[in-house]
There are 2 protein chains.
Amino acid sequence: MLNEKIALHTPGPTPIPPQVSAAMTQPMINHRGEGFSRLYRDITAKLQTVFQTKEQVYVLAGSGSAGWETAMVNFVPAGAKVLNIVIGDFGERWVKANRALGYQVERLDYAIGTASRPEDVDTFLSKQEGAIQAVCLQHNETSTGVSNPVHEIAQVVAKHGALVLVDAVSSLGALPLPMDEWGLDVVFTGSQKALMCPPGLMMIAASQKAWARAEKANAPRFFFDLKGHRDGFAKGQTPQTPAISLLYGLQAALQMVLEEGIEQGQERHRLMGEMARAGAQATGLELLCQDEGFASNTVTAVKIPQGVEASTFRKAAQKSFGVVLAGGQGKIMKDMIFRIGHMGYVTPNDVLVALAAVENSLALLGYPVQVGNAVAAAQRVWLLQVSANK
Amino acid sequence: MLNEKIALHTPGPTPIPPQVSAAMTQPMINHRGEGFSRLYRDITAKLQTVFQTKEQVYVLAGSGSAGWETAMVNFVPAGAKVLNIVIGDFGERWVKANRALGYQVERLDYAIGTASRPEDVDTFLSKQEGAIQAVCLQHNETSTGVSNPVHEIAQVVAKHGALVLVDAVSSLGALPLPMDEWGLDVVFTGSQKALMCPPGLMMIAASQKAWARAEKANAPRFFFDLKGHRDGFAKGQTPQTPAISLLYGLQAALQMVLEEGIEQGQERHRLMGEMARAGAQATGLELLCQDEGFASNTVTAVKIPQGVEASTFRKAAQKSFGVVLAGGQGKIMKDMIFRIGHMGYVTPNDVLVALAAVENSLALLGYPVQVGNAVAAAQRVWLLQVSANK
C-alpha cells in the first residue's frame with residue numbers, strides 16, 4: 001500500500017486534489033456551445049485574479065514548454081536579438097527553444113544554485129543598448145530551487161525598452177508574482193505545478209506593451225498564435241479544440257486556490273520552503289541554494305552527501321519509505337543533488353513525510369544521520385509559525 | 001489547503017483510495033442482470049480470501065452495526081441466553097442491540113484498556129453449562145484500542161457447545177483472523193475500516209455449525225434474513241436492492257487488498273501500530289492499553305495528559321496541523337483519551353503525520369514536550385523494520 005499511496009514530491013507533476021479528479025469526470029460538451037463559453041469565461045476570470053492582472057489570460061492545450069514558443073512567436077519579431085538569463089536547466093532549454101525558432105540568443109549565465117542579479121542585466125543591456133528586444137527568464141528555476149528577483153529585473157528591462165518574458169511555470173500561484181504591479185510583459189505557467197492539475201494546459205497573459213509589439217511580430221506560427229485566442233475570446237471560444245476535461249479540472253483547482261486566498265497560499269508555500277530547508281540542514285545536508293533570500297519556496301534542491309549514490313538514495317526513498325523525490329537535471333546535477341517538490345496540493349505535513357524519507361533513506365544506506373532531526377527541525381518551524389499566528 | 005487535504009485518523013471512516021472513488025463513478029446497472037451477477041460473484045470470491053473462509057460471504061446494505069442484528073437473528077433462537085463480552089463501548093452497544101432484540105444477556109465485563117481472558121469465559125460457561133447459546137465479542141474494540149484473544153476464546157466456546165459470534169468491524173483485513181482455522185461461527189465487518197470503502201456495506205459469513213442452527217432460528221427478521229441471500233446467491237442475486245456504487249468501490253478495494261497480500265497488509269498494520277505506540281510513549285504519553293500483547297494495530301488510544309483539555313487538543317490538531325484525531329467514546333472516556341486510527345488506506349507516513357500533530361498540538365497548548373521525539377521514535381521503528389527486511 002506504501003507504493004500505492006505514494007507521496008509525490010517531484011516539482012511537477014504535483015498531487016491533484018480529489019475535487020479536481022471529480023471535476024474531470026464531467027461529461028464532454030460541445031466546445032462551440034454556450035456551456036463551454038461559460039466554463040472558459042469563468043476560468044479566465046479566475047486566472048486574472050491568480051495572475052494578478054487586468055489583462056486577458058489565455059489557456060492553450062500544451063505543456064509549460066509551449067509557453068516559451070508562444071511568448072516568443074507572438075511578441076518578438078522573427079530573428080530578433082534576445083537575452084536569455086540562464087541559472088539552470090530550464091533557462092538552458094529556453095535558449096534551445098529560442099535558437100530553434102531562429103532568434104539570435106545572447107545569454108547571461110550564473111553558477112548553479114545562484115540567482116540572476118539585476119545589475120548584471122542592466123550592464124548587459126546598456127552595452128547592447130536597443131539591440132535586445134526581449135529578456136527571457138524563469139521566475140523560479142525548478143532544476144536548482146532558486147527564484148530570480150523578477151521585480152527588480154523587470155524594472156531594469158523596462159528602462160532599456162525591451163520586453164520581459166517570464167516563465168512562471170513552477171511559481172505562479174505559489175510565489176508572489178503580481179504581473180501588472182511588477183510590469184511584466186508576458187507571464188506563462190503550466191497546469192501541473194502550483195495550480196494542482198494534471199499536465200496538459202499552458203496559460204499565458206501579455207501586457208498592453210507586449211500586445212502593441214505583437215502587431216509587428218512576424219514569426220511563423222499557427223497553433224500558438226494568440227491573436228486567434230484574443231479574437232475568439234469575446235464569444236467565449238478558443239481557436240482550436242480545447243482540452244475540455246482538463247479545463248473542468250482547472251476550474252475546480254482555481255476555485256480551491258481562490259478559496260484559500262492568493263496570499264494565504266503564498267504564505268503556505270513560504271512555510272513549506274522554510275520547513276524543507278530547516279529539515280535538510282538539521283540532518284547535516286547542504287542546500288544547493290546558499291542564499292536564503294533566493295531559495296525557492298516551491299522546490300528545494302539538496303546536495304547528495306559524499307559516499308551516497310544519488311539514484312540508490314532516491315530508490316530507497318520511494319521503495320522503502322513511499323516518497324518520490326526528484327533527481328538532478330542534466331549531467332552536472334544528476335549525481336550532485338536531489339530535489340523535494342513542495343508546491344500545489346501539498347501541506348506542511350507532506351514536507352514532514354518527505355524529510356522523514358530523506359533521513360531514513362540516508363540511514364538505511366549507512367550514512368551517519370541522527371534519525372529524527374530533520375522532522376523535528378521542520379516541526380519547530382511550523383510550530384513557531386502557528387504560535388505566532390495564534 | 002491544510003484543512004482541505006486533511007489527514008483523517010478516525011478509526012473509521014478511513015481514507016479511501018482514488019481507485020475506489022473512481023470505481024464508484026461507474027454507471028448504474030440493472031441489479032437483476034448478468035452484469036451485476038458477475039460483479040457480486042467477483043466480490044464474494046475475493047471476500048472469501050479476505051475472511052479466510054470457504055463459507056459464502058454475503059454483502060448487505062447497512063453499516064457495521066447491522067452485523068450484530070444479522071448475526072443474532074439468523075443464528076440464535078429468539079429469547080435465548082447469550083454471553084456478551086464487554087471490553088469497551090462497542091461491546092456495550094452489542095449488549096444494547098441484543099436486549100432490544102429480546103435476548104437474555106449475560107455479560108462478562110473488563111476494565112477499559114484490557115482484553116478478555118479465555119479462562120474467564122471458560123469459568124463462566126462452565127457455571128452456566130448448556131444455557132448460553134452464543135458468545136458475542138469484538139475482535140478489536142475500537143473505543144479502547146484493545147484486541148481480544150479471539151482464537152483462544154473460540155476454542156473455549158466450542159468446548160461448551162455455544163456459537164462464537166465475532167464483530168470484526170475494525171479488524172478484518174488488518175489483523176489476523178482466519179475464520180475457518182480459528183473455528184469462528186459468525187464473522188462480520190463493515191466497509192469503512194480496513195476495507196478502504198465509504199460506510200454503507202456490511203459483510204458477514206457463517207460456519208456450517210451456525211447454519212445448522214439457523215434452521216431453528218425463529219427470531220423475527222426481514223431485511224437481515226440471510227436465507228434470502230443464500231438462496232439468491234446461486235443466481236448471483238441479492239434479495240433486496242444492493243448498494244451498487246459501493247459494491248463497485250468494494251471490488252476495487254478488495255483488488256488492492258489482494259494485490260498487497262493478506263499477510264503483507266497485516267504486517268503493515270502491525271508496523272503502524274508499533275510506530276504509533278512508540279511515538280506516543282516517546283513524547284511522554286501513556287497508552288490506554290498497557291499490555292503490548294493486546295494492543296490494537298488498527299487504532300491506538302492514548303491518555304490525555306493532566307492539564308490538557310481533550311476537545312481543545314483535538315481541535316488544535318485539526319485546525320492548526322491538519323490531522324483529525326478521534327476522541328474517546330462514552331462518558332468515562334470522552335475526556336480521558338484520544339485515538340489515532342491507522343487502518344486501511346494508510347501508510348507509516350500517515351502515522352508520522354499523526355504523531356507530529358499530537359506533539360505539536362500539545363506544545364501549542366503549553367504542555368511540556370520535546371518536539372520531534374514522537375516522530376523520531378516512530379521513524380526508528382520503521383527504519384529497524386526496513387533494515388531487518390533488507
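**Figure 1. Polar contacts between domain 1 and domain 2 of chain A in the predicted model.** Between domain 1 of chain A and domain 2 of chain A, 11 residue pairs are in polar contact, both residues having pLDDT 80 or more. On the domain 1 side, α10 (262–282), β11 (299–303), α12 (330–334) and β14 (337–341) of chain A each contribute at least two residues to the surface that touches domain 2 of chain A. The largest share comes from α10(A), with 4 residues. By residue type, this side of domain 1 of chain A divides into 15 nonpolar, 11 polar and 1 charged. Salt bridges across the interface of domain 1 of chain A and domain 2 of chain A number 0.

**Figure 2. Layout of the two domains of chain A and the area buried between them.** Domain 1 of chain A is made of residues 7–13 + 261–389, and domain 2 of chain A covers 18–259. Their C-alpha centres lie 27 Å apart. In the contact, 27 residues belong to domain 1 of chain A and 33 residues to domain 2 of chain A. The size of an interface is often given as the accessible area lost when the parts come together. For domain 1 of chain A and domain 2 of chain A this area is about 2,200 Å², with 64% of it on carbon and sulfur atoms. Within domain 1 of chain A, the residues that lose the most area to domain 2 of chain A are I262(A), F294(A) and Q329(A), which together account for 25% of what that side buries.

**Figure 3. The interface of chain A and chain B.** About 3,400 Å² is buried between chain A and chain B, and 65% of it lies on carbon and sulfur atoms. Chain A brings 39 residues to the contact and chain B brings 39 residues. Of the area that chain A buries against chain B, 22% is supplied by M1(A), K5(A) and Q379(A), more than by any other three residues.

**Figure 4. Polar contacts and salt bridges across the interface of chain A and chain B.** Here the rule finds 2 salt bridges. One of the residue pairs joined by a salt bridge is D350(B) with K5(A), where the closest N and O atoms are 3.1 Å apart. Residue pairs in polar contact across the interface of chain A and chain B number 16, both members having pLDDT 80 or more. On the side of chain A that touches chain B, the elements giving two or more residues are α9 (244–260), α11 (310–321), α13 (348–364) and α14 (373–389) of chain A. Of these, α13(A) gives the most, with 10 residues. The residues on this side of chain A divide into 21 nonpolar, 9 polar and 9 charged.

**Figure 5. Surroundings of S170(B).** S170(B) sits in the loop between β8 (163–167) and β9 (186–190) of chain B. With a relative accessible area of 1%, S170(B) is buried. Its side chain is joined to that of N140(B) by a polar contact of 2.9 Å. Apart from neighbours within four places in sequence, the residues in contact with S170(B) are N140(B), T142(B), K193(B), T298(B) and M343(B).

**Figure 6. The salt bridge of D185(A) and K209(A).** The side chains of D185(A) and K209(A) meet at 4.0 Å, N to O. D185(A) is in the loop between β8 (163–167) and β9 (186–190) of chain A, and K209(A) is in helix α7 (residues 208–214) of chain A, so the salt bridge ties together parts that are 24 residues apart in sequence. D185(A) is buried, at 4% relative accessible area, whereas K209(A) is partly exposed, at 30%.

**Figure 7. The salt bridge of K159(B) and D122(B).** The closest N and O atoms of K159(B) and D122(B) are 3.0 Å apart. K159(B) belongs to helix α6 (residues 150–159) of chain B and D122(B) to helix α5 (residues 118–127) of chain B; the pair links distant parts of the chain, 37 residues apart. K159(B) counts as exposed, with 56% relative accessibility.

**Figure 8. Further salt bridges in chain A.** D335(A) and K334(A) form a salt bridge through their side chains (4.0 Å, N to O). D335(A) is partly exposed, its relative accessible area being 48%. E92(A), R107(A) and D109(A) are linked in a network of salt bridges. Over all chains, a search of the whole structure finds 37 salt bridges.

Note on methods:
Residues numbered from 1 in each chain as written. Chains lettered and ligands numbered in written order. Predicted model: local features only at pLDDT ≥ 70, side-chain atom pairs only at ≥ 80, totals over all residues. Heavy atoms only, no water. Domains from an automatic or database assignment. Contact = heavy atoms within 4.5 Å. Buried area = accessible area lost by both parts, 1.4 Å probe. Polar contact = N/O pair within 3.5 Å; in protein donor to acceptor, adjacent residues only side chain to side chain. Nonpolar A, V, L, I, M, F, W, Y, C, P; charged D, E, K, R; others polar. Buried < 20%, exposed > 50% of the residue type's maximum accessible area, 1.4 Å probe, protein only.
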